[in-house]
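The following exercises concern side-chain environments and nonpolar packing. Please work through each task before reading its solution.

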Amino acid sequence: MSQSRRSSKGPGPSQVQSMDVDEEYTLTQTQTSSQVQRNLERRSQNQVEHKVSELVQFLLVKDQKKIPIKRADILKHVIKDYKDIFPEILKRANNIFQQVFGLELAEVDPKNHSYILISKLPPLQDDGMKEDENTPKMGLLIIILSLIYMKGNVVKDSVVWEMLRRLQVECSGRKHKIFGDVKKLVTEEFVKQKYLEYIRLPHTDPLEHEFRWGSRAAKELSKRQILQFVAKMQKKNPKTWMSQYNEAEAEASGTGRH
């Protein structure tokens, strides 16, 4: 009799929470691409970009513990009222991870819906840059080194700032939540570490600079590694860029680096 009364009270708090999570999963998983697009149109671009930025920062912080991140936690703490466009937010966040940080968001447990961040970066020999807390900085560095190489081994600073702006990395003076002062990081920290050269161009008004690979980057990375990284990120064959491919292969055969 007492057992019957207990069952008639309905689900306990833990069961209610479980049902809420299941409902959230169902909502996000049953959205068609056209439905997501319609829902997306009801929100401003700034609203969506802000939510994507929140998700990126949340995942970077959570990933430091190297414990899989549950989708339920993402929905509860970040997505909240934006569940109807969750697939698009997740897609855009993953694009930022790949293009800015050299990371990929991978689902490791489809049953329980949990994720980890996997590094897609070519390895650097310097142990200091391999620390978990420096992974985002290392990703940014590799992206800049890749741009320099793909642009013919030298690029104006304005091109770098524009690329970062398009990747939603603020360079106009406001501190980035992950990188801090981005211009200082790139033009001072990376330069002092000899990963980049930041050279003033004479007779330019307004003043212009150009970036080149620093001596440390040339010792710790091969052009073949960078080209393979770019090809992987863009899902293309390295031979798509024949000039860079030939240069990378010539370097590899001439120095014995692989």
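**Exercise 1.** In this predicted model, identify the side chain that has a polar atom 3.2 Å from the backbone oxygen of D84, and classify its residue as buried or exposed.

*Solution.* The polar atom belongs to the side chain of N39. N39 is located in helix 3, which spans residues 33–41. Its relative accessible area is 9%. Buried means under 20%, so N39 is buried.

**Exercise 2.** Determine whether Q45 is buried or exposed, and state which side chain it joins in a polar contact.

*Solution.* Q45 belongs to helix 4, residues 45–63. The relative accessibility of Q45 is 57%. Because exposed means over 50%, Q45 counts as exposed. Its side chain forms a polar contact of 2.8 Å with the side chain of E49.

**Exercise 3.** Describe the largest nonpolar core: how many residues does it have, which helix gives the largest share, and where does the core lie with respect to the domains?

*Solution.* The core has 66 residues. Those with the most contacts inside it are L59, I74, F97, F101, L164, V186 and L196. Helix 7 (residues 135–150) supplies the largest share, eleven residues. Domain 1 (33–119) and domain 2 (133–221) both contribute residues, so the core lies between them.

**Exercise 4.** Which residues are in contact with L196, leaving aside its neighbours within four places in sequence?

*Solution.* The contacts of L196 include L141, I144, L145 and I148. V186, F190 and V191 are also in contact with L196. The list is completed by F211, R212, W213 and G214.

Notes:
Residues numbered from 1 in each chain as written. Predicted model: local features only at pLDDT ≥ 70, side-chain atom pairs only at ≥ 80, totals over all residues. Heavy atoms only, no water. Helix = DSSP H or I, 4+ residues; strand = E, 2+ residues; numbered from the N terminus. Buried < 20%, exposed > 50% of the residue type's maximum accessible area, 1.4 Å probe, protein only. Polar contact = N/O pair within 3.5 Å; in protein donor to acceptor, adjacent residues only side chain to side chain. Core = buried A, V, L, I, M, F, W, Y, C linked by side-chain atoms within 4.5 Å. Domains from an automatic or database assignment. Contact = heavy atoms within 4.5 Å.
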